[in-house]
Amino acid sequence: MFDFTVVPGKHIAELLDGHETEVVDLVRAAYLAHEDGRTVNPDSYFLRFPDKPEARIIALPAYLGTDGAGTDGAGTDGAGTDESGDAGIAGIKWIGSFPRNIESGLPRASAVLVLNDYTTGYPFALLESAGISAARTAASAALAATVLSRQDVGSVGVVGGGVIARTITTYLRAVGVPLQDVRCHDLSAESAGFLAEHLRTRHGSTVEITDRSTALEADLVVLATTAGTPYITDHEFRPDQVVLNVSLRDLAPELLLGANNIFDDVEHCMKANTSPHLAEQLTGGRDFVTGTLAGVVLGRDSLDPAKPTIFSPFGLGVLDLAVGHYLYRQAKAAGTAVDIPGFFGETSRW
């Protein structure tokens with residue numbers, strides 16, 4: 001009961017590599033559980049800094065229930081299981097986003113994930129989570145690409161040349177999206193070049209480093225930047241295009257009004273001046289909302305074929321739990337988890 005385990009990032013990366021389709025399946029199941037009300041996913045909490053307005057550290061607490069666990073956090077018998085996860089898993093991701101890191105060649109994001117025993121509330125694992133966060137984001141994008149695309153994807157445009165963009169392309173390839181015609185754009189020619197070289201060497205892609213407009217004309221568009229305010233203001237997407245609006249703040253709100261707008265969770269995305277939040281402020285309502293990705297999977301929400309489709313995922317903590325708990329169990333089975341004896345100072349009241 002009082003075991004505590006650490007899973008380092010090196011082993012997280014090893015466990016994720018080559019298991020992209022399993023991660024996509026985990027994300028799909030978590031979305032369906034969320035749609036079915038078997039999760040608790042409070043608002044993310046943003047810690048911001050007066051002298052670093054672009055930086056933030058975000059807390060994402062969540063509970064992911066299974067086997068009938070309800071939104072009150074209790075299983076059908078009023079109790080959950082612990083590390084097995086049979087009745088649910090709780091935890092929190094603590095993720096720093098410091099865009100200026102890029103100037104020093106450092107990744108923008110760093111994170112840890114804490115997993116809590118559902119019976120006692122005691123934490124039982126700490127996982128390095130930048131890789132988990134990137135993987136669940138990429139799996140969400142890849143799932144959306146397969147669910148929302150109404151035609152074969154002939155070309156992929158990637159705006160942003162960082163870790164998230166790189167991971168998304170890996171997951172797109174894993175779910176069968178061809179990466180033969182890829183158009184990369186980044187304000188940093190060096191970043192665009194690194195992504196292009198990665199695509200050529202890892203996936204054998206034909207890659208062109210392009211201007212932004214050319215990238216935005218691809219069949220499938222991936223927006224994975226660090227933009228804080230919209231800068232794409234005058235582009236007209238075709239009805240057959242799918243836009244993965246992963247970075248959430250690239251698109252002017254007016255562009256959303258003529259599109260199918262699909263979300264991971266509508267309420268979560270309507271905050272923090274995301275493009276959908278700006279569209280809500282602009283129109284005074286949510287008539288532009290089409291539905292959720294899980295709603296499309298279940299056939300509850302449908303797409304207008306005369307409109308382009310924009311997927312805006314705010315990022316749900318339940319996805320981190322689903323992927324993190326899977327990796328925790330894999331690490332324990334592989335012997336790569338590091339146990340910390342005596343982590344808890346007191347294990348009885350008296």
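**Close-up 1. Arg183 is a buried arginine paired with Asp181.** In this predicted model, Arg183 has a relative accessible area of 15%, so with the limit for "buried" set at under 20% this arginine falls on the buried side. Its salt-bridge partner is Asp181, and the N to O distance between the two side chains is 3.5 Å. Asp181 itself comes out as partly exposed, at 28% relative accessibility. So what we have here is a buried arginine joined to a partly exposed aspartate.

**Close-up 2. Arg238 and Asp219 pair up from two loops.** Here the closest N and O atoms of the salt bridge are 3.0 Å apart. The two partners sit 19 residues from each other: Arg238 belongs to the loop between β11 (220-223) and β12 (242-245), while Asp219 belongs to the loop between α6 (212-216) and β11. Which of the two is buried, and which is partly exposed? Asp219 is the buried one, at 15% relative accessibility, and Arg238 is partly exposed at 30%.

**Close-up 3. Lys93, Arg136 and Asp320 form a small network.** Salt bridges with shared partners tie Lys93, Arg136 and Asp320 together. If you'd rather take stock of the whole structure, a search turns up 15 salt bridges.

**Close-up 4. Glu35 and Arg300 bridge distant parts of the chain.** Side chains of opposite charge can pair when their charged atoms come close. For Glu35 and Arg300, the salt bridge has its closest N and O atoms 3.7 Å apart. Along the chain the partners are 265 residues apart, with Glu35 in helix α2 and Arg300 in the loop between α10 and β15. Arg300 is exposed, with 55% relative accessible area, whereas Glu35 is partly exposed at 26%.

**Close-up 5. Leu298 also meets Glu35.** Have a look at the loop between α10 (293-297) and β15 (309-312), where Leu298 is placed. What does Leu298 touch, leaving aside residues up to four places away in sequence? Its contacts are Leu32 and Glu35. Glu35 lies 263 residues away along the chain, yet its C-alpha atom is 9.5 Å from that of Leu298. At a relative accessible area of 43%, Leu298 is partly exposed.

**Close-up 6. Domain 1 meets domain 2.** Domain 1 takes in residues 4-132 + 317-340, and domain 2 spans 140-312. Their centres, taken over C-alpha atoms, are 24 Å apart. At the interface, 19 residues of domain 1 contact 22 residues of domain 2. The two domains bury about 1,800 Å² between them, and carbon and sulfur atoms give 64% of that area. On the domain 1 side, the residues that lose the most area to domain 2 are Glu20, Tyr31 and Glu35, which together account for 33% of what that side buries.

**Close-up 7. Helix α2 at the domain interface.** The interface of domain 1 and domain 2 is crossed by three salt bridges, and there are seven residue pairs in polar contact. Which helix gives the most to the side of domain 1 that touches domain 2? That's α2 (residues 20-35), with ten residues. By type, this side of domain 1 has nine nonpolar, three polar and seven charged residues.

Technical notes. Residues are numbered from 1 along each chain as its sequence is written. This is a predicted model: local features need pLDDT of at least 70, side-chain atom pairs count only at pLDDT 80 or more; totals for chains, interfaces and linings use all residues. Side-chain values use heavy atoms; hydrogens and water are left out. Helices (H or I, at least four residues) and strands (E, at least two) are DSSP runs, numbered from the N terminus. Buried means under 20% relative accessible area, exposed over 50%, partly exposed in between (1.4 Å probe, protein chains only). Contact means heavy atoms within 4.5 Å. Domain bounds come from an automatic or database domain assignment. Buried area is the accessible area (1.4 Å probe) that two parts lose on being put together, summed over both. A salt bridge is a side-chain nitrogen of Lys or Arg within 4 Å of a carboxyl oxygen of Asp or Glu. A polar contact is a pair of N or O atoms within 3.5 Å; within protein, one must be able to donate a hydrogen and the other to accept it, and residues adjacent in sequence count only if both atoms are side-chain atoms. Ala, Val, Leu, Ile, Met, Phe, Trp, Tyr, Cys and Pro count as nonpolar, Asp, Glu, Lys and Arg as charged, and the others, Gly among them, as polar.
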